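Dear colleague,

I am writing to hand over a structure that is new to you. Please look through the sequence and the coordinates below before reading my notes.

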Amino acid sequence: MPGLNTILSGKKFSITLERLCYQLIENHGHFQNSALIGLQPRGIYLAQALAERLNLIIAPAKVPYGELDTTFHRDDFRTHKGPILPSAMKMDLVVENKKIVFVDDVLYTGRTIRAGLDALLDFGRPASVELLVLVDRRFSRQLPIEPNYVGLMVDTRASQKVKVNWKAAGEEDSVLLLTE
């Protein structure tokens with residue numbers, strides 16, 4: 001029986017983002033040698049929200065920020081039946097010897113993160129790469145990738161989907177669990 005459950009929304013959603021910001025500040029200070037990079041397509045909404053909050057908290061410092069498209073670095077991009085349309089990239093920052101924090105909304109198989117690592121090398125060699133995700137679907141990994149920062153861990157079955165809605169995309173900030 002199909003179902004839809006809201007597992008994070010409202011004040012708890014906001015508190016979760018705030019907690020992630022302070023965890024980043026603990027490890028990266030004022031981001032003098034660090035940068036946030038949102039992974040396209042949906043990780044950019046989380047990265048933008050975090051960058052905005054971080055910029056308010058650590059003002060006058062600014063968090064270096066970028067948006068990375070992984071489309072042509074994915075191991076499954078040739079399996080699509082239709083034309084492949086990449087997302088826009090915004091990489092107006094230097095990654096060479098920086099501490100990079102990849103940001104994505106949901107960590108599922110780990111394949112987007114692997115593609116992100118490959119795509120990042122086109123821009124230089126970072127000092128380190130960490131991973132921040134809003135939702136970790138921890139029992140579905142196909143690659144040995146684990147996040148450094150997690151907003152919410154969710155145990156799901158393969159038939160379930162996790163969808164993150166963003167105010168910036170015209171929806172209410174929330175995390176939904178869809179069961180078919």
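The notes that follow go from the overall fold to individual residues and charged pairs.

Please bear in mind throughout that this is a predicted model.

Overall fold

The protein contains three helices and eight strands. Their order along the sequence is β-α-β-α-β-β-α-β-β-β-β. Taken along the principal axes, the C-alpha atoms occupy a box of roughly 50 × 40 × 30 Å. The radius of gyration is 16 Å, which agrees with the value near 16 Å that a compact globule of 180 residues would have.

Of the 180 residues, 48% are buried. The exposed surface of the protein comes to about 9,700 Å², and carbon and sulfur atoms supply 53% of that area. When contacts between residues at least 6 apart in sequence are considered, 69% of them join residues at least 24 apart.

A buried residue in helix H1

Leu-17 belongs to helix H1, which spans residues 10-28. Its relative accessibility is 1%, so Leu-17 counts as buried. Apart from neighbours within four places in sequence, Leu-17 is in contact with Leu-46, Ala-49, Leu-50, Arg-53, Leu-134 and Trp-166. For a sense of distance, Leu-17 and Leu-93 are 76 residues apart in sequence, and their C-alpha atoms are 24 Å apart in space.

A buried charge in strand E5

Glu-130 deserves your attention when you open the model. This residue is located in strand E5, made up of residues 128-136. Which side chain of opposite charge is nearest to Glu-130? It is that of Lys-99, 7.7 Å away, and Glu-130 is buried without a salt bridge. The side chain of Glu-130 does make polar contacts: one of 2.7 Å with the side chain of His-28, and one of 2.7 Å with the side chain of Tyr-149. Both partners also appear among the residues in contact with Glu-130 beyond four places in sequence, a list that further includes Ile-100, Val-101, Phe-102 and Asn-148.

Salt bridges

The count of salt bridges in the model is eight. One of them joins the side chains of Glu-18 and Arg-53, with an N to O distance of 2.9 Å. Glu-18 lies in helix H1 and Arg-53 in helix H2 (residues 43-57), so this pair ties together parts that are 35 residues apart in sequence. Glu-18 is partly exposed, at 29% relative accessibility, and Arg-53 is likewise partly exposed, at 22%.

Another salt bridge is found between Asp-118 and Arg-114, whose closest N and O atoms are 2.4 Å apart. These residues are four apart in helix H3 (residues 111-120), and about one helical turn therefore separates them. Asp-118 is partly exposed, with a relative accessible area of 33%; for Arg-114, also partly exposed, the relative accessibility is 22%.

The side chains of Glu-171 and Lys-163 form a further salt bridge, at 3.5 Å from N to O. Glu-171 is partly exposed at 31% relative accessibility, and Lys-163 is partly exposed with a relative accessible area of 32%. Both residues take part in a network of salt bridges that also links Arg-42 and Asp-105.

With kind regards

Terms used: Residues numbered from 1 in each chain as written. Predicted model: local features only at pLDDT ≥ 70, side-chain atom pairs only at ≥ 80, totals over all residues. Heavy atoms only, no water. Helix = DSSP H or I, 4+ residues; strand = E, 2+ residues; numbered from the N terminus. Buried < 20%, exposed > 50% of the residue type's maximum accessible area, 1.4 Å probe, protein only. Lys, Arg positive; Asp, Glu negative; His and termini not counted. Salt bridge = Lys/Arg side-chain N within 4 Å of Asp/Glu carboxyl O. Polar contact = N/O pair within 3.5 Å; in protein donor to acceptor, adjacent residues only side chain to side chain. Contact = heavy atoms within 4.5 Å. Rg over C-alpha atoms; globule rule 2.2 N^0.38 Å. Areas by Shrake-Rupley, 256 points an atom, 1.4 Å probe, with all protein chains shown as cover.
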